[in-house]
Amino acid sequence: MAAPATGNRITEGVIWKELLRFTAPLLLGNLFQQLYNTVDSVIVGRFIGTHALAAVGSSFPIINMIIGFFMGAGAGAGVVLAQNYGAADKEETHKTVHTMFALMTLCGIAVTVLGYVLTPWIIRAISTPKEVEGFSILYLRIIFLGSTFLVLYNTAGGALRSVGDSKRPLYYLIVASVLNIILDLLFVVVFHWGIAGAAAATVTAIAVSAVLSILAMMRTDDIYRLRLRDLRIHGATLRQIIRIGLPMGIQQTIISFSNTIVQRYFNIYGAAAVAGVGAYNKVDGLIIMPVMSLSLAATTFVGQNIGAKKYHRVRVTARAVYLMSTICSVVLSLVVWAMLGPILHVFTDDTEAIAYGMQYAYWLLPAYVVLGFAQCAGNIIRGSGQSFMPMFISVMNFCVIRVIWLVVSGTLFPSLDAVCAGYPLTWLTAAVMMAIYYFRGNWLRRFEEEQIE
C-alpha cells in the first residue's frame, strides 16, 4: 500500500476547521450550480413566458427521477473510494476509480437513449398541462441528450470530493456557470432560440465541467489517477459498489418518482401554479444548499476516518455537522421568509404564479431544520458503508408516506395546501426515524467492536 501523495487533513486535522475548509468549496460549487439553474428559469420566465417557465419547472423532477439512480450509485462508489483512500490502499483505490467510471459511462449512455425516446410518454403520464406539453418535451429531450455528460461530471466530482479535493470541482462549476449564463443570453435573448436555447446552454455548460473534471483526474500524481486504458469493471469492486450504491440509487429513484407524483398534483392547478412552484423550487435549492454541502462533506469525513480506523473523529464530525446544519437552516429560512415576495418577482411578474409560489413556500420554510437533520444523519450513516437503513427510512417517508398523504388528502380535503403540506410532514417523520436509528443502530459500533477484538 502507498500513502496518498499529499497530507490527509481529513483524518488528521482539527475536525471543525477541516469541515469548514472542505465544505466551503462544496457550498460555493452548489451555489454556482444552482445559479445557472436559476438563471435558466429567470431568462425563460422573462424572455419566453409563463408556459415555458412551467415547462422548465415540471421537467426537473423527471430528470432527477431518471438520473437519480445512477447518481445514487455513483455516491455509493464514492463511499468505497473514500474508505480505500483513507486506508491508503493503492490497488483498491485504482480498481474503484476505474470500475466506477466504466460503470457510469455505460449508465450515462443508457440514460441518454432511453430518456430521449420515452420523453413524450413521460410528459403526458404526469398530466402536464396541454399548453405546456410542447415546451416540456423539447426542453427535456435536449437535456437528456447531455445526460451522459451530467453522469460523468457527477462521477468525477464525487470522486474528487471522496479523496478530499473539494476545490477543483468548485473551479469547474464556476467556469460552467459563467459559460451557461453567457450562452443563455446568447441563445435565448440574441438568437431567439426559445426554450431549446436554454436547454442547449445547460447541456454545453455541463459538458465543459465534465471534461475539465475528468482531465483533472487523468493528470494527478495521486493514487486515484484515472487512466482511460485501465477502464474496466472489476468484479469484486463492482459487488462492493453495488452493495453500498444500489440502495442509494434505489432511494434516489424512488424519491424522485414520488416528487414526480407530487408534480402531477401541482399540474392539476394549471400553468400558473406549476410556474410559481417551479420558481420557488429554485429558492428551495438555495436554502437547502448549505445542508446538502455539509452532508456530502460528512460522508467523505466518515468514510475516510473509518478507513483510517479513527472512529472517535466520526462522532465529533457528526456533532459538528448537526450544529452547523441547524444554524444555516434557521438563518436562511428567516431571511427568505422576510424577502419572499421580491425574490419571486425576479422570476416572473405573473401575480397568480407569485401567489402560488408564496403559498407553497410558507409550508416549507418552517420545516427546513428537520429536513437538514434527516439529510445529515442519513449521509453520516452512509459514510460508514451502511446504506440500506437510510434508504429504507428515506423511501418510507419521502415516497410511501408522502404518496399516501396525497391520496388521502386529495380524497378528503383536496387543495393545493394539502399537496404542499406533504413535504414538511414527511420531513418530520423521516427526521424522527433517522434519529432513532442513529442513536440506537450499530452503524459505527461494529467498527469499534472489531477494533477492540
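E91 and K95 are four residues apart in helix α3, so about one helical turn separates them. Helices here are DSSP runs of H or I with at least four residues, strands are runs of E with at least two, and both are numbered from the N terminus. The model is predicted: local features need pLDDT of at least 70, side-chain atom pairs count only at pLDDT 80 or more, and totals for chains, interfaces and linings use all residues. Residues are numbered from 1 along each chain as its sequence is written, and side-chain values use heavy atoms, with hydrogens and water left out.

The side chains of E91 and K95 form a salt bridge, at 3.4 Å from N to O. A salt bridge is counted when a side-chain nitrogen of Lys or Arg lies within 4 Å of a carboxyl oxygen of Asp or Glu. Side chains of opposite charge can pair when their charged atoms come close. K95 also meets E92 in a salt bridge, at 4.0 Å from N to O. K95 and E92 are three residues apart in helix α3, so they too are separated by about one helical turn.

Accessibility can be read for these residues as well. Buried means under 20% relative accessible area, exposed means over 50%, and partly exposed lies in between, with a 1.4 Å probe and protein chains only. K95 is partly exposed, with a relative accessible area of 23%, and E92 is partly exposed, also with 23%.

Another salt bridge joins R124 to E133, whose closest N and O atoms are 3.3 Å apart. R124 is partly exposed at 48% relative accessibility, whereas E133 is buried at 13%. Returning to the earlier group, salt bridges that share partners join E91, E92 and K95 into one network. The count of salt bridges in the model comes to seven.

The surface also has a nonpolar patch, formed by I109, V113, L114, Y116, V117, L118 and L145, with about 650 Å² of accessible area together. Patches are made of residues with over 30% relative accessible area and no salt bridge; like charges are joined within 9 Å, and nonpolar side chains (Val, Leu, Ile, Met, Phe, Trp, Tyr) within 5 Å. Accessible areas come from the Shrake-Rupley method with a 1.4 Å probe, and for residues only the protein chains shown count as cover. Helix α3, residues 90–125, gives the most to this patch, with six residues. Y116 lies in helix α3 and is partly exposed, with a relative accessible area of 35%.
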